[in-house]
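Visitor: I have a model open and would like to talk it through with you. Could we begin at the surface and then work inwards?

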Amino acid sequence: MGSEEMAERGGTVDGARSVRGEDAFDVAAVDAWLRAAADAVDVQAWGDGLPEVQQFSGGASNLTYLLRYPAQDLILRRPPAGTKARGAHDMGREFRIQAALAPVFPFAPPMVALCSDESVLGSEFYVMERVAGHIPRKDLGLSLSSDDVRLLCTNVLDLLIGLHSVDPAAAGLDQLGKGEGYVARQVGGWTGRFRKAKTWNVPSWEKVIAWLEANQPADRGSVLIHNDFRFDNVVLSSEEPTKPVALLDWELATVGDPLMDLGCTLSYWIEAGDGRLEQLFRMQPTNLPGMLTRREVVAYYCEKTGIELTDKEWAFYEVYGLFRLAVILQQIYYRYHHKQTTNPRFKNFWLGSHVLHGRARKLIRSVG
């Protein structure tokens with residue numbers, strides 16, 4: 001799943017490239033719709049003419065584009081082509097969640113407009129303002145001391161803890177929850193998605209699935225969760241680079257168990273002591289001196305929230321996060337495998353399933 005690195009207005013935007021042929025759209029049609037749908041005062045401030053359009057190379061789920069008007073940068077988000085999981089890539093849902101969060105969680109980017117008319121672009125899409133700042137990717141892209149890296153790490157974790165403290169009802173988002181049984185629904189749902197998208201060249205995961213089914217804890221709460229919380233979905237301040245200013249990519253956000261959210265975050269967390277294969281699939285700078293280890297992340301989160309967990313109790317959430325990430329990669333790889341996309345970035349996603357499976361099995365063995 002993915003987001004865009006922001007630069008100051010007028011400069012280049014890191015990660016923005018020419019639009020891939022298979023992902024191109026009618027810019028004039030989108031511009032005409034957008035100028036009619038957005039606030040008139042905002043539109044006047046953009047300047048005249050069609051925007052320059054680029055596509056962000058990051059992200060592997062929804063497609064993200066940069067619309068560069070003469071005086072304003074906007075971001076357009078749309079679903080990918082090809083077969084999609086039922087309920088996935090819901091642009092209207094993602095738009096409404098961020099719009100509702102604005103009064104109670106200032107880290108959601110400002111929304112501009114939602115288009116439900118698929119004749120405009122070929123799918124539903126939405127447009128939001130671009131938030132200026134820096135996004136860490138595989139490499140941090142900043143020169144920070146190990147002390148500042150640690151501060152950055154804890155500030156980002158505090159952002160997640162802050163989201164988990166938002167009252168869903170106060171944001172008008174309590175309807176996203178389906179009541180007790182979140183853990184069980186997630187294990188069952190991701191299991192079904194994996195079996196539907198499985199290809200011959202990935203592990204069966206059946207022993208891990210059986211372990212998850214046999215070790216499910218009761219829900220540990222029902223809060224707003226992001227479900228794709230990682231460094232490359234966080235925008236950092238240009239002036240204070242250890243300080244987050246925005247959280248992006250709300251496609252999977254819902255109301256559920258906060259520890260399931262943390263488990264998903266740690267599935268991406270490759271630390272300095274991990275093996276060579278794990279390092280090959282590192283997507284964020286969690287290996288830097290000063291970064292907390294996975295064990296330290298869990299300890300920090302529990303201390304801040306007052307939650308008590310044994311290593312065996314925590315193992316469920318981390319194994320779940322690894323399995324869920326493997327399913328997400330598999331759903332994307334399935335589209336490549338069946339030639340529904342030609343994006344070469346997805347060619348080796350099946351290998352990621354093997355790496356994640358190895359981590360999950362090792363964790364299970366470590367707790368007996």
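Visitor: Which residues form a nonpolar patch on the surface, and how much accessible area do they have together?

Guide: Bearing in mind that this is a predicted model, the patch is formed by L277, L280, F281 and L351, which together have about 340 Å² of accessible area.

Visitor: Where is L351 found, and is it buried or partly exposed?

Guide: L351 is found in helix 11, which covers residues 349-366, and L351 counts as partly exposed because its relative accessible area is 32%, in between the limits of 20% for buried and 50% for exposed.

Visitor: Going inwards now, which residues touch the most other members in the largest nonpolar core?

Guide: That core has 78 residues, and those touching the most other members are L101, W205, L212, W250 and F316. Helix 10, residues 311-337, gives the most to this core, with 15 residues. As general background, nonpolar side chains in soluble globular proteins tend to be buried together.

Visitor: And what does W250 touch, leaving out residues up to four places away in sequence?

Guide: With those left out, W250 touches E94, I97, Q98, L101, F105, A108, P109, L163 and H226, and L101 is also among the residues that touch the most other members of the core. There is a second, separate core as well, with 20 residues that include L63, L67, L74 and V127.

Visitor: Changing topic, how many disulfides does the structure hold?

Guide: The structure holds zero disulfides.

Visitor: Why is there no bond for C264 or C302?

Guide: For C264, the closest cysteine sulfur is in C302 and lies 16 Å away, which is too far for a bond, since a disulfide needs the two sulfur atoms within 2.5 Å. The sulfur of C302 has its closest cysteine sulfur in C153, at 15 Å, so that pair is too far apart for a bond as well.

Visitor: Are those two cysteines, C264 and C302, buried or exposed?

Guide: C264 is buried, at 2% relative accessibility, and C302 is also buried, with a relative accessible area of 11%.

Visitor: One last residue: where is D31, and what is it in contact with beyond its neighbours within four places in sequence?

Guide: D31 is found in helix 1, residues 27-37, and beyond those neighbours D31 is in contact with G49, L50, P51 and Y69. With a relative accessible area of 9%, D31 counts as buried.

Visitor: How far apart are D31 and P136?

Guide: They are 105 residues apart in sequence and 30 Å apart in space, taken from C-alpha to C-alpha.

Definitions and conventions
Residues numbered from 1 in each chain as written. Predicted model: local features only at pLDDT ≥ 70, side-chain atom pairs only at ≥ 80, totals over all residues. Heavy atoms only, no water. Buried < 20%, exposed > 50% of the residue type's maximum accessible area, 1.4 Å probe, protein only. Core = buried A, V, L, I, M, F, W, Y, C linked by side-chain atoms within 4.5 Å. Helix = DSSP H or I, 4+ residues; strand = E, 2+ residues; numbered from the N terminus. Contact = heavy atoms within 4.5 Å. Patch = residues over 30% accessible without salt bridge, like charges linked within 9 Å, V, L, I, M, F, W, Y side chains within 5 Å. Areas by Shrake-Rupley, 256 points an atom, 1.4 Å probe, with all protein chains shown as cover. Salt bridge = Lys/Arg side-chain N within 4 Å of Asp/Glu carboxyl O.
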